[in-house]
Amino acid sequence: MANVLQTFKDRYLFEDMTSPDLEKLLDSPTTVYAGFDPTAESLQAGNFVTIMALAHLQRQGHKVIALVGGATGLIGDPSGKSKERNLLTSLTVERNLEGIKENLSRFLNFDPDSGNPAIMVNNYDWFKDLSFVDILRDVGRFFRMTQMLSKESVKKRLDSDEGMSFTEFCYQILQGYDFYHLYKEYGCRMQIGGTDQWGNITAGTDLVRKLAGVEVYGMTFPLVCDSNGNKFGKSEGNAVYLDADKTSYYDFYQFFMRTLDSDTVRYLKIFTFLSDERIDELAKCVESEPERREAQKVLAEELTRCVHGEKGFNIALKATEVLFGGSLEGLGAEDLEKIFSNVPSGTLNCDEVIGKPAFEVIAAAKMTNSKGDARRLVQQGGLSINNVKAAGLERKISTDDLIENRLMVLRSGKKKFFLLKVEG
RNA sequence: GGUAGGGUACCGAAGUGGCCAAACGGGGCAGACUGUAAAUCUGCUGUCUUCGACUUCCUUGGUUCGAAUCCAAGCCCUACCA
């Protein structure tokens with residue numbers, strides 16, 4: 001079995017580890033865990049790195065545990081956050097768990113009949129019965145104040161104007177205890193996470209050493225940023241979700257399609273299982289014919305297929321063809337509805353649309369946040385109706401603008417679509 | 001608990017009685033250019049019935065012809081001390 005650590009190093013998935021002995025440990029099947037925040041009912045592109053790391057581990061025969069922070073999510077991890085988070089209700093967390101498992105199953109094999117199924121656990125299950133006194137007595141005394149205070153996530157926050165509450169400060173105790181619990185229950189010996197998790201991971205390895213007298217390991221991978229230094233996984237300020245209801249097939253595909261040349265090869269290594277040879281080939285394409293964006297296409301295809309299946313990929317592809325082909329000529333309302341099925345949409349009554357100025361219509365349909373926004377968009381020539389520019393405040397909507405008398409494809413800027421359905 | 005400082009738009013940050021819908025920077029949105037790039041340049045960025053009107057500067061009251069600015073109480077944050 002090839003050592004997975006080498007794969008991580010080759011694929012930009014390795015930053016640091018708690019001890020070089022980890023390499024030896026990984027020569028034989030090991031149980032590994034990574035945590036996910038149940039802040040939303042769907043995972044985001046930002047979670048891809050963790051998912052891919054787990055997937056590599058599972059593929060190489062290791063046992064993987066996806067821990068969902070039902071309890072810790074109620075607290076909020078201060079790492080990398082400048083502000084205390086809004087607390088989640090346990091009901092929300094409960095609901096989010098299901099969605100997350102569904103997302104993960106696209107990458108990890110949870111099938112109990114397979115030889116090596118991944119498992120999913122919720123740390124609320126073991127925290128809910130522990131009392132404050134239990135934790136202080138059994139766990140808290142193994143945490144030393146100077147160590148806790150010296151963690152980067154704590155220091156940063158204490159130095160900021162925001163400060164930090166006791167609740168958040170205790171987060172590392174909970175995450176540390178997770179590791180101990182998983183060690184006891186499943187023999188888990190390794191935790192992985194982004195570099196921002198280093199402090200939390202070492203809290204766990206330290207605790208297990210003290211409580212069980214056993215060496216367990218942690219490994220971190222770099223946080224993915226694009227070449228401009230922006231955090232990976234945001235599009236137009238919104239997170240890219242794995243859930244098609246939150247991010248359409250088309251938007252998902254497009255997000256990867258728009259990857260910068262300088263990031264594409266790196267992303268291929270991180271986010272796909274393509275062979276090194278294939279990636280080298282694509283790297284040459286980026287070099288010699290960047291305008292064809294061959295590598296971006298492959299990246300987008302691989303991920304869309306994996307997350308949304310063949311069906312989702314085809315819809316994304318078709319939408320792309322149509323939308324960048326220019327005209328909507330020859331497409332019926334039904335085709336368009338299918339293509340734009342997860343694009344934001346609004347429904348208005350016929351008499352709210354026909355004969356009204358375009359800016360009023362898009363404001364009424366809630367395509368923009370306010371009428372002022374709508375006005376600006378139209379004035380600046382940012383609005384297209386059925387892929388034809390529609391500038392000027394005096395531009396009115398007529399029946400000719402409706403496709404089959406019931407549909408209008410609106411677009412602001414180059415890439416933000418909105419489907420307006422007209423009734424009556 | 002004490003002392004000092006502070007809470008301004010998405011964020012950072014000016015403004016300390018009228019010239020304030022509130023400088024400046026970042027972010028965001030849109031336009032030009034382009035490869036559905038990047039970089040650059042330009043416009044916009046509280047709401048509306050947009051030459052004008054209206055609602056805002058933590059909350060609630062007050063002073064004043066007039067308050068983001070002054071006063072009082074409250075809530076929250078930070079630093080030092082206990």
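This passage describes a predicted model of protein chain A with RNA strand B, beginning with the confidence of the prediction and then turning to the surface near the RNA and to two helices.

The model has an ipTM of 0.86 and a pTM of 0.88. The mean pLDDT of chain A is 89, and 95% of the residues reach a score of at least 70. Among the elements of chain A, the highest mean pLDDT, 97, belongs to strand β6 (residues 217-221), while the lowest, 70, belongs to strand β7 (residues 234-235). As a general caution, predicted coordinates should not be read in detail where pLDDT is low.

RNA strand B is surrounded by 30 residues, of which the closest are Asp161, Gly163, Asp261, Lys371 and Arg376. Of the atoms of RNA strand B that come within 4 Å of the protein, 67% belong to sugar and phosphate. When the residues of this surface are divided by character, 12 are charged, 11 are polar and seven are nonpolar. Phosphate oxygens of RNA strand B take part in polar contacts with two side chains, since a polar side-chain atom of Ser370 lies 3.1 Å from one such oxygen, and a polar side-chain atom of Lys389 lies 3.3 Å from a phosphate oxygen. A base is also approached, in that a base nitrogen of RNA strand B is 3.1 Å from a polar backbone atom of Pro290.

Helices α13 (249-257), α16 (294-325) and α19 (371-379) each supply at least two residues of the surface near RNA strand B, and α19 gives the most, with five residues. Helix α19 also has buried residues, namely Ala374, Leu377 and Val378. These three residues lie on the same side of α19, because they cover an arc of only 95° around the axis. In general, an α-helix has 3.6 residues a turn, so residues three or four places apart point the same way. The buried residues of α19 pack against three elements of the chain, α18 (358-364), β10 (383-385) and β12 (407-412). After α19 comes Gly381, whose phi is positive, near 75°.

A further residue, Lys155, is placed in helix α9 (residues 152-159). With a relative accessible area of 39%, Lys155 is partly exposed. When its neighbours within four places in sequence are left aside, Lys155 is in contact with Leu149 and Ser150.

How values were computed
Residues are numbered from 1 along each chain as its sequence is written. Chains are lettered from A and ligands numbered from 1 in the order in which they are written. This is a predicted model: local features need pLDDT of at least 70, side-chain atom pairs count only at pLDDT 80 or more; totals for chains, interfaces and linings use all residues. Side-chain values use heavy atoms; hydrogens and water are left out. A residue is near a molecule or strand if one of its heavy atoms lies within 4 Å of it. A polar contact is a pair of N or O atoms within 3.5 Å; within protein, one must be able to donate a hydrogen and the other to accept it, and residues adjacent in sequence count only if both atoms are side-chain atoms. Helices (H or I, at least four residues) and strands (E, at least two) are DSSP runs, numbered from the N terminus. Ala, Val, Leu, Ile, Met, Phe, Trp, Tyr, Cys and Pro count as nonpolar, Asp, Glu, Lys and Arg as charged, and the others, Gly among them, as polar. pLDDT is the predictor's confidence in each residue, from 0 to 100. Buried means under 20% relative accessible area, exposed over 50%, partly exposed in between (1.4 Å probe, protein chains only). The arc is that of the directions from the helix axis to the C-beta atoms. Contact means heavy atoms within 4.5 Å.
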